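Reader: I am new to this structure. Please take me through one part of it at close range, and then show me what surrounds that part.

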Amino acid sequence: MRMPQWAANDGATALGSNPEAPVDDAPLLDAYSGAVIGALERVAPAVTFIEVVGESKAAGARSRRPQQASGSGFLFTPDGYLLTNSHVVDGSDEITVRLNDDTRFNADLVGNDPDSDLAVLRIGSPGALPYVEFGDSARLKVGQVAIAIGNPLGYSKTVTTGVVSALGRTLRAKSGRLMHDVIQTDAALNPGNSGGPLVDSKGRVIGVNTAMIPQAQSICFATGINTAKWVIGQMFAHGRVRRAYIGVSGATVPIATRVVRHFSLPGNTAVHVADIVPGSPAALAGVQAGDRMVALDGVRINGIDGLQRTLDASLIGRECELQLLRRSSVIKTTIRPIEMPAYRSSGK
C-alpha cells in the first residue's frame with residue numbers, strides 16, 4: 001500500500017526537498033512590508049498634526065493662562081475638512097493644523113461631539129488637498145492588519161503596526177457616555193496619537209485612534225469609522241449630533257426575580273430615577289423620583305447606558321410609551337422626548 005506523502009517523507013518538508021535547508025521568509029516579509037509601505041504612501045499625506053491653544057484656570061489661581069496641547073487628525077475631503085478627537089480640541093481658542101509637508105493653517109471647529117469623542121475641523125486652502133478613503137468597520141475581522149499613523153509625543157509622521165485584537169468593545173467617553181462598537185488593536189498608541197487614522201493594509205481608514213491603557217502592553221482603542229461617518233453626517237446637517245433628552249438622572253439597579261415574574265417585565269434591571277429636571281419631558285409625563293424605568297418605546301431599558309443608546313434622534317418630538325415600576329405596581333405613561341440641549345451634549 002502506498003503511504004501518504006507526509007508519512008513517507010518523515011522529517012522532510014516536501015518530496016525531494018532538503019530537510020536541513022533553511023526556510024526563506026524573505027518573500028513573506030517583503031509582501032508585509034510592501035503592504036504597510038503602500039498603505040502609508042496613500043494615507044500619510046492626509047495625516048495632520050494639530051496644535052491647540054486654550055485657556056485654563058489652575059485651582060486657586062485668579063488669572064487665566066494659555067494652555068497648549070497637541071494631537072493628530074486626517075483630511076477626508078479635498079476642500080479641507082478633517083476629523084480628530086473631541087478631547088484634542090475641546091476648550092480650544094486657537095487651532096493650528098500642520099500638514100505632512102509642514103504647511104500650517106488656522107482651523108475652524110465645524111462640530112464637536114464629546115459623547116463620541118469626535119470633532120470635525122476645516123482649513124482653507126487655495127488648492128485641493130490630499131485626503132483619505134474611508135473603509136467599512138462593519139466588515140473588519142479579528143486578526144487583520146491594522147496600521148496607526150499620527151504624532152505621538154510630538155514625533156510627527158510616526159507609524160505603528162499590529163492587528164485588530166477585538167471588535168465591539170465599549171469605552172467611556174470623557175462626557176460619561178458609553179461609546180459602542182469600538183475597535184481594540186495592538187498597534188501601539190501614545191499621547192498625541194489621538195485623532196489619527198487607523199487603516200487597513202489597503203490604506204483605507206477603519207477607525208479613529210482614541211485611547212490606550214497606559215498600564216498595559218499595547219491595548220489600544222479606535223472609534224470605528226462607520227460611527228465617524230454617522231457623526232460627520234450629523235455635523236454637516238445640523239452642526240452637532242442630535243440626541244433625544246427626557247431630563248432624568250439615575251442609576252442602574254436590579255429588580256427582584258419575583259417582581260420580574262409577577263409583572264412579566266422584560267428584564268431584571270432598570271434605571272432608578274434619582275432626580276428630574278423641572279419642566280423636562282419626564283416631569284411633564286409625571287415621572288417621579290424613585291420610579292424605575294423598565295422600557296421606552298417598546299425597547300427594554302436595562303440600565304443607564306441602554307437608556308442613552310435608546311434616546312437617539314429618532315425619538316425627538318415623538319410620543320413614546322414609557323413603562324415604569326412604581327412601588328408595587330407597573331404604570332405606563334406617554335412621554336415626548338426633546339432634543340438634548342447643547343450644554344448637556346458637551347458635558348456641561
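Author: Start with a term. A polar contact is a pair of N or O atoms within 3.5 Å; within protein, one must be able to donate a hydrogen and the other to accept it. The model is predicted. Our part is Asp291.

The side chain of Asp291 reaches the backbone nitrogen of Gln288 at 2.8 Å. That value falls within the 3.5 Å cut-off. Where does Asp291 sit? Its place is in a loop. Helix H6 (281–284) comes before this loop, and strand S17 (292–296) follows.

Is Asp291 buried or exposed? Its relative accessible area is 1%. Buried means under 20%, so Asp291 counts as buried.

Now the neighbours. Leave out residues up to four places away in sequence, and Asp291 touches Val271, His272 and Val273. Gly286 is also on the list. So are Leu324, Leu325 and Arg326.

Two of these neighbours lead into strand pairing. Take Val271. Its bridge partner in S17 is Met293. S16 and S17 run antiparallel, joined by 2 bridges. Next, His272. This residue of S16 stands opposite Ala251. Strand S15 (residues 248–254) pairs with strand S16 (residues 269–276), again in the antiparallel sense. Here there are 7 bridges. In a regular strand, side chains alternate between the two faces of the sheet.

Step back to the whole chain. The protein chain has 348 residues, and 41% of them count as buried. Its secondary structure comes to 8 helices and 21 strands. Consider contacts between residues at least 6 apart in sequence: 60% of them join residues at least 24 apart. The chain exposes about 18300 Å², and carbon and sulfur atoms supply 50% of that area.

What about cysteines? Cys220 is buried, at 2% relative accessibility. Cys320 is buried too, with a relative accessible area of 2%. A search of the whole structure finds 0 disulfides.

Last, confidence. The mean pLDDT of the protein chain is 87. A value of 70 or more is reached by 86% of its residues. Strand S11 (residues 197–199) has the highest confidence, at 97. Helix H1 (residues 5–8) has the lowest, at a mean of 44. Over residues 5–16 the pLDDT is below 50, and this stretch has 7 contacts in the model beyond near neighbours in sequence. Residues 344–348 are also below 50. Their stretch has 9 such contacts beyond near neighbours in sequence.

Definitions and conventions: Residues are numbered from 1 along each chain as its sequence is written. This is a predicted model: local features need pLDDT of at least 70, side-chain atom pairs count only at pLDDT 80 or more; totals for chains, interfaces and linings use all residues. Side-chain values use heavy atoms; hydrogens and water are left out. Helices (H or I, at least four residues) and strands (E, at least two) are DSSP runs, numbered from the N terminus. Buried means under 20% relative accessible area, exposed over 50%, partly exposed in between (1.4 Å probe, protein chains only). Contact means heavy atoms within 4.5 Å. pLDDT is the predictor's confidence in each residue, from 0 to 100. A disulfide is a pair of cysteine sulfur atoms within 2.5 Å. Two strands pair if DSSP finds at least two bridges between them. Accessible areas come from the Shrake-Rupley method with a 1.4 Å probe; for residues, only the protein chains shown count as cover.
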